[in-house]
Amino acid sequence: SDELKEVSDIPRILAKIATNKCNPRDLINLSNSLLVLPKIKKLVSKSKPILKVISKSTNTRKVCKEINRIIIDDPPLKLHKGGFIKQGVSKKLDKLRSISDNANKWLVDFQENQKIKTGINSLKISYNKVFGYYIDVTKTHLDKVPSTYIRKQTLTNSERYFTEELKEYEEKILSSSEKTILLENSIFEKLVETILNNVKTIQNNSNIIAQLDIISSHAVTARTNNYIKPKIIDKSTKFVVKKSKHPVIENLLPPGEKFISNDIDLDNNKKQIAIITGPNMAGKSTFLRQVGLIAILGQIGSYVPAKSAEISIIDQLFTRVGASDNLAGGESTFL
């Protein structure tokens, strides 16, 4: 179903969480995946067998609610830059963010005030990782530079300065950015702990989603390819299949080319061996494989590609094929 397409690889996400290698997006994907179960339950409310499978699930809504309360809907992949915790989760975090958010306004206002005080219209406030924030003044206006300016760097066409006020604000901005990231990571770590405390219920629901995925996949395949329900008889010694087909090769044939179906009639008491003969590329390997696949498909709960099938319980399947077999490409070797 479309709901199952929303499901991520939950065991993989849990492994990343357990080994401390997860990122904010993993947690959102985990929540979205777990919330699929209640949606499916509503869709299959009239199907008792599927409801029986879902009934074994445990409630993980609290974990999902906590993830969605803390992490933004479309978070970044990296932890080291922050920006993934929602507004309102922590008052301290919100306060630190407001300092960073107001930094641009403060710098613009500071720049305008310095232009007015010095009379230097081309004065600019800039930033780089090596020197931090600085006041850039072209050499034509050096005579207007006030004594409160402290030289930082000399360039060919300009001089770079700072003031005590600018330096203090720079420390405040950089400190708030660093604290913001540390606090976001701390909140994230606590959330990860909450998830790990609920790992058993999450794994249980993950297994149920996997079962629903298998059931759904088998149902879609059976309906799309017109498969039939095999009869599996516990005490039978028969393996009788009418008009069997290979589930993969049948769908890979070029347009207009039909797959030739085959029968097989074996009985452990009367007819234990079937000898398959024919020239090269006649389909012997394909026939052998399709019989094996029908046995496996039938016993894992799938419908099978045939007109009818009555099979006994099979506990072992042996086959020997050529090393360079490529049946899907129409190539085979001796068997």
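**Exercise 1. Work out what share of the protein's residues is buried, and how spread out the chain is.**

Step 1. Fix the cut-offs: buried means under 20% relative accessible area, exposed over 50%, and partly exposed in between, with a 1.4 Å probe and protein chains only.

Step 2. Apply them. Buried residues make up 36% of the 335 residues in the protein.

Step 3. Note the basis. This is a predicted model, in which local features need pLDDT of at least 70, side-chain atom pairs count only at pLDDT 80 or more, and totals for chains, interfaces and linings use all residues. Residues are numbered from 1 along each chain as its sequence is written, and side-chain values use heavy atoms, with hydrogens and water left out.

Step 4. Turn to overall form. The radius of gyration, taken over C-alpha atoms, is compared with a globule rule of 2.2 Å times the number of residues to the power 0.38. The protein comes out at 34 Å, well over the 20 Å that the rule gives for 335 residues, so it is more spread out than a compact globule.

Step 5. Add the spans. Along its principal axes, the C-alpha trace covers about 110 × 45 × 35 Å.

**Exercise 2. Describe the sheet of 4 strands and the helices that lie on it.**

Step 1. Count the elements. The protein has 11 helices and 8 strands. Helices (H or I, at least four residues) and strands (E, at least two) are DSSP runs, numbered from the N terminus.

Step 2. Order the strands. An open sheet of 4 strands runs β1-β2-β4-β3, with antiparallel pairing. Two strands pair if DSSP finds at least two bridges between them.

Step 3. Find the edges. These are β1 (124-128) and β3 (150-154), each pairing on one side only. Neighbouring strands are turned by 40° against each other on average, direction ignored.

Step 4. Look at one pair. β1 and β2 (residues 132-138) join in the antiparallel sense over 5 bridges. Within β2, G132 is the bridge partner of N128.

Step 5. Place the helices. Contact means heavy atoms within 4.5 Å. Axes are lines fitted to C-alpha atoms, for helices over the stretch in contact, and angles run from 0 to 180 degrees between N-to-C directions. Helix α7 (residues 91-118) packs on the sheet, touching β1 and β2, and its direction makes about 135° with that of β1. Helix α8 (residues 164-197) lies across β1, β2, β3 and β4 (158-162), at about 145° to β2.

**Exercise 3. Decide how covered helix α3 is, and place S31 in it.**

Step 1. Count. In α3, 8 of its 11 residues are buried, and the helix is mostly covered. They are P24, D26, L27, I28, L30, S31, S33 and L34.

Step 2. Name the cover. It includes α2 (10-18), α4 (36-43), α6 (61-70), α8 and α9 (199-225).

Step 3. Zoom in. S31 sits in α3 (residues 24-34). Its relative accessible area is 0%, so S31 is buried. Leaving out residues up to four places away in sequence, S31 touches C64, I67 and N68.

**Exercise 4. Explain why C64 forms no bond with the sulfur of C22.**

Step 1. Set the test. A disulfide is a pair of cysteine sulfur atoms within 2.5 Å.

Step 2. Apply it. The structure holds 0 disulfides. The closest cysteine sulfur to that of C64 is in C22, 15 Å away, and therefore too far for a bond.

Step 3. Check exposure. C64 has a relative accessible area of 1%, so C64 is buried. C22 is buried too, at 6%.
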